[in-house]
Protein chains: 2
Amino acid sequence: MPRSLILSRRDLEFLLYEWLDVAALTRHERFAPHSRETFDAVLDLSESIATEEFAPLNRAADQHEPEIGPDGAVVLLPEIEKALGAYEAAGLRAATFDHRFGGQQLPITVHQAASCYFQAASCGLFAYAFLSIGNANLIVAHGSPEQIARYAQPVIDGRFYGTMCLSEPHAGSSLSDITTRAVRQEDGTYRLFGTKMWISAGDHELGENIVHLVLARVEGAPAGVKGISLFIVPKYLLEADGDPGERNDVALVGLNHKMGFRGTTNALLNFGEGLARPGDRPGAIGHLVGQENNGLRYMFHMMNEARISVGAGAVALGYTGYLHSLEYARTRTQGRPVNDKDPSSAPVPIIDHPDVRRMLLAQKSYAEGGLALVLYCAHVVDTEQVTTDAREKQRLHTLLEVLTPIAKSWPSQWCVAANDLAIQVHGGAGYTRDYPVEQFYRDNRLNSIHEGTHGIQALDLLGRKVTMDHGAGLAVLVDTMRATITRASPALRGQADTLAAAVDRLVAVTADLWRDRDSAAALANATVYLEAAGHVVLAWIWLEQLLVADGRSGAFYDGKRAAGQYFYRFELPTVNWRFDLLAGRDRTTLDLDPAVL
Amino acid sequence: MPRSLILSRRDLEFLLYEWLDVAALTRHERFAPHSRETFDAVLDLSESIATEEFAPLNRAADQHEPEIGPDGAVVLLPEIEKALGAYEAAGLRAATFDHRFGGQQLPITVHQAASCYFQAASCGLFAYAFLSIGNANLIVAHGSPEQIARYAQPVIDGRFYGTMCLSEPHAGSSLSDITTRAVRQEDGTYRLFGTKMWISAGDHELGENIVHLVLARVEGAPAGVKGISLFIVPKYLLEADGDPGERNDVALVGLNHKMGFRGTTNALLNFGEGLARPGDRPGAIGHLVGQENNGLRYMFHMMNEARISVGAGAVALGYTGYLHSLEYARTRTQGRPVNDKDPSSAPVPIIDHPDVRRMLLAQKSYAEGGLALVLYCAHVVDTEQVTTDAREKQRLHTLLEVLTPIAKSWPSQWCVAANDLAIQVHGGAGYTRDYPVEQFYRDNRLNSIHEGTHGIQALDLLGRKVTMDHGAGLAVLVDTMRATITRASPALRGQADTLAAAVDRLVAVTADLWRDRDSAAALANATVYLEAAGHVVLAWIWLEQLLVADGRSGAFYDGKRAAGQYFYRFELPTVNWRFDLLAGRDRTTLDLDPAVL
């Protein structure tokens, strides 16, 4: 079989088995039916379906974006349903759910690795599945048994699809300002009225129904985020037997036409505009999840999962772009080494030029580092789930909380940079639609916007996560990184010392920023902080990988060492100016009079 | 009149009149008929035509890219000819040419500023005009009087269009490997046979004819760049009276479908495939420019001009993206200041958030800095032309040589970064095709590829320009920067000292890199050097602007100070890790075994 240009199976095995030792999870009851063999089978199946069903559709889905047909229904490429059907038929949508829901109780770590095949092969297509899984997870976690049976189960089974409806035209990053209203009905249901924007997979004809999870305010609720509730609003109301029946009052107003990620419908939806009139009245019928006014907390259950998956999606695109440009660099010949002055000598593969190697090493360090980070986070989720020790469970929970904004934002920033380099390695060819890298670049650009922008992640990290529980957030992360540093072998002492200094700096700068509890001053350069912290975390992730590779010979391990060396020499030093700026509590942006711009 | 979102006229006036004092050029005979009034008239006219004829077409030209019609001819949006016609009718195509050619002898500096309006309004459309001007400039500089009359004059007049045909499918960055053959004919003409790739404006039905400037090898020529000759190859052969007649043997093989810059046809052309048979024989008839085997030298006359214009085009897109995102940030409301915890307070314009200001200041520093740099370069061209002192002429020539790779590459890198931030300021809206910033981002991505990739510019700077004439290249640049530093007022002493240290470092590192004349080792990290040198040069350009603003009050000058402060605090410090890496003569990329990737 030719080497895949989607993902490196060898690297996945290194990360899953040699580093994270996911096989050890099977010692816990939840995962006991599994083994390395079942994990490998999932990866085999994923690679094969992604390669055969998803990747061939990726360009077509970009060229033929969703449109609204004459009957008002969304028209997708018909092959999309077949590809998603193959994913479901293989049991991949249900894979991580409990046996009681027909799932396989597959560790999230393995599922995340498998998902990366699909995200790399066609992120636009995979979004339909990924959003559905997150949707069902939320209902399973916070819904009533009846809601789970009627709404989550058909999503798990692949019969229904799911969405998350947060943003409104005037309220995206600031969810406290949403105005969609929910009116209590005598039968215990609610009627929703309002407009939701940027709804991925918001409308389509895939499956039998769409289960929208909608944030809204119950009349009389407190202002701000403390007055937001969460509702299940199906596109088609369910009959008593659970089959979809009458159309709910949810109307497709329009589709967004994006630069990339065109395989995924992105919709503007009106709830309660009266187009459909269930019970002969306008208003979209919704079912409250959990308690009123707790909606944002429940939604963050899905959001945090979504944020790590967004990071994973960014990684997957960075990874496949790297592999495509590596292949191109090995086969495309051009020019000669700079000290070969003989014009009659044969041109060399461009991989022989140091600058091309720089662009490949950079991509490798971003993509492999990012993949390791998101799998590490997934592994924390699995470990937390099976850990019985309460303290350790709390530690893992806190660690995941503090890592989440980095796992979301770092790949969204640097794996687009990887795609940018993949284009550059291809030269003019990479700028044409004859090669896939330009699409990766366009698709990946979304990832620093949706599910919380880059700036929102920065505020989350510096404003909430590192300070949570009186600083426990940062402490847990720092302790984890220092434990790795302690394990460094003599061969890795130099890198470990460099990282130790960066970690010390992170601790000192965080304290500096918060020393007088002036949140405006502390958070003025939150993005600079996020980017510095992100590079420190990735240097730690690289040291983790180098520790596993240490003492092992062969091209694969040499490749890890090369990418790790690149990261420590070309990337980690960029944290210094950022820490200097932060330590100086720079007020350039804070004090600016916007009238002078 | 509402504030233009294309370019800032106020900034152009600052740069042209307050800083570069282009009005002083009119003291020289060449520019004597001009005055600030005629310059302003050119800017007025350009802003008006760009706003009314170019900008409204920009999205349509992106959506309806050139295609090959049933008769084999290229089909463009019909409005494109009208827009280009307005540009020509205003005398802008001929503006910089000598009076004897019907030109206005307009300074290049003013023309470059005017061109930025068109590049910002629709770079894809403007490319047709810009390539034609470069083409005619080359023929005027190196062609025979007859060639000038028959080929350059109709291009200047707007009757013909021009191209430059360098790349071939197997040879882009490495021009020494081109294989297009030129066969001498008894009548003094040549017949050309070969394939040219990536030819912008390579075929279309605009105007009466296309004048291709084609690099080819005369049979028996030496290998490598020393055996390349330059030919004029018209699409239609000229009759004795200069009118286009018989079709030459130049065939359109196909069009490239690009991620952006779709307004400009990009063609694969076959010369001499026998589709047309002038004189009843296959072979594209070409006319030698100058002497055989000197073709690359002549072409670089056009290339250097093209490289600065590419930089200007990148700047223009960065600039208009900045203005669009600034407008959005002033009008879009979202969220509250971090220390306002009252959810019932009104949302603020997003420009009130420090992170949005950071993104605006970054764009402003890139776009205004880049514009200043390319206008500075254009001003060097003008000054060199009118200078009679031979030493000063040589100094200016050398300064332009060393600045050219930076003027090309720096905006191509950082003004795409500006467009990336313009998208981010818009959030999800910026990712849709309802707003123009996503197109700016896609269009601008080409600029670090064409006319010599980023990596080629790096080799040019470190391998040729700073070392030329025994180091005179770097010395001229450094002396120029130090002269500015010397002029710094007390208020600017801090920034001047910071810059002085960076300049010293640049000198020391350059010497380090070349100390043992090992070009492979010296050039291994040429791109890192290019990027460090670029930021040093831009810090100098910012200090130049700050010196002009010094002591002047008002929002405009405060804006310059804010952007300059941003550049010195957030940007210039990034040179340090680059210089450290270079000083350490890092061999990561050089020593890498590509098999481990």
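This short talk goes through some charged pairs, one annotated region and one enclosed helix in the structure above.

Please keep in mind throughout that what we are looking at is a predicted model. Let me start with the salt bridges, of which the structure holds 92 over all chains. As background, side chains of opposite charge can pair when their charged atoms come close.

Take chain A to begin with, where A:Glu401 and A:Lys465 form a salt bridge whose closest N and O atoms are 3.5 Å apart. Because A:Glu401 sits in helix α9, residues 390-426, and A:Lys465 in helix α11, residues 454-465, this pair ties together parts of chain A that are 64 residues apart in sequence. Both A:Glu401 and A:Lys465 are buried.

In chain B, the side chains of B:Lys560 and B:Asp11 also meet in a salt bridge, with 2.7 Å from N to O. This pair links distant parts of the chain, since B:Lys560 belongs to helix α16, residues 555-571, while B:Asp11 belongs to helix α1, residues 9-19, and the two are 549 residues apart. Are these two partners buried or exposed? B:Lys560 has a relative accessible area of 1% and is buried, and B:Asp11, at 0% relative accessibility, counts as buried too.

A further pair in chain B is B:Glu219 with B:Arg181, whose closest N and O atoms are 3.6 Å apart. Here B:Glu219 lies in the loop between β6 and β7 and B:Arg181 in strand β4, so the salt bridge ties together parts that are 38 residues apart in sequence. B:Glu219 is partly exposed, with a relative accessible area of 47%, and B:Arg181 is partly exposed as well, at 38%. Salt bridges can also share partners, and in that way A:Arg9, A:Glu13, A:Arg36, A:Asp40, A:Asp44 and A:Glu47 are joined into one network.

Now to the annotated region: an unreviewed UniProt entry lists residues 293-460 of chain A as "domain: Acyl-CoA dehydrogenase/oxidase C-terminal". Over those residues the chain is 73% helix and 0% strand, and the C-alpha atoms at the two ends are 21 Å apart.

Finally, let us look at helix α6 of chain B, residues 145-156, which is largely enclosed by the rest of the structure because nine of its twelve residues are buried. Among them are B:Gln147, B:Ile148, B:Arg150 and B:Tyr151. Which elements cover the buried residues of this helix? They include α5, β3, β6, β7, β8 and β12 of chain B. After α6 of chain B comes B:Gly158, which has a positive phi, near 90°.

Key: Residues numbered from 1 in each chain as written. Chains lettered and ligands numbered in written order. Predicted model: local features only at pLDDT ≥ 70, side-chain atom pairs only at ≥ 80, totals over all residues. Heavy atoms only, no water. Salt bridge = Lys/Arg side-chain N within 4 Å of Asp/Glu carboxyl O. Helix = DSSP H or I, 4+ residues; strand = E, 2+ residues; numbered from the N terminus. Buried < 20%, exposed > 50% of the residue type's maximum accessible area, 1.4 Å probe, protein only. UniProt positions renumbered as here; feature names shortened; annotations may be inferred. Contact = heavy atoms within 4.5 Å.
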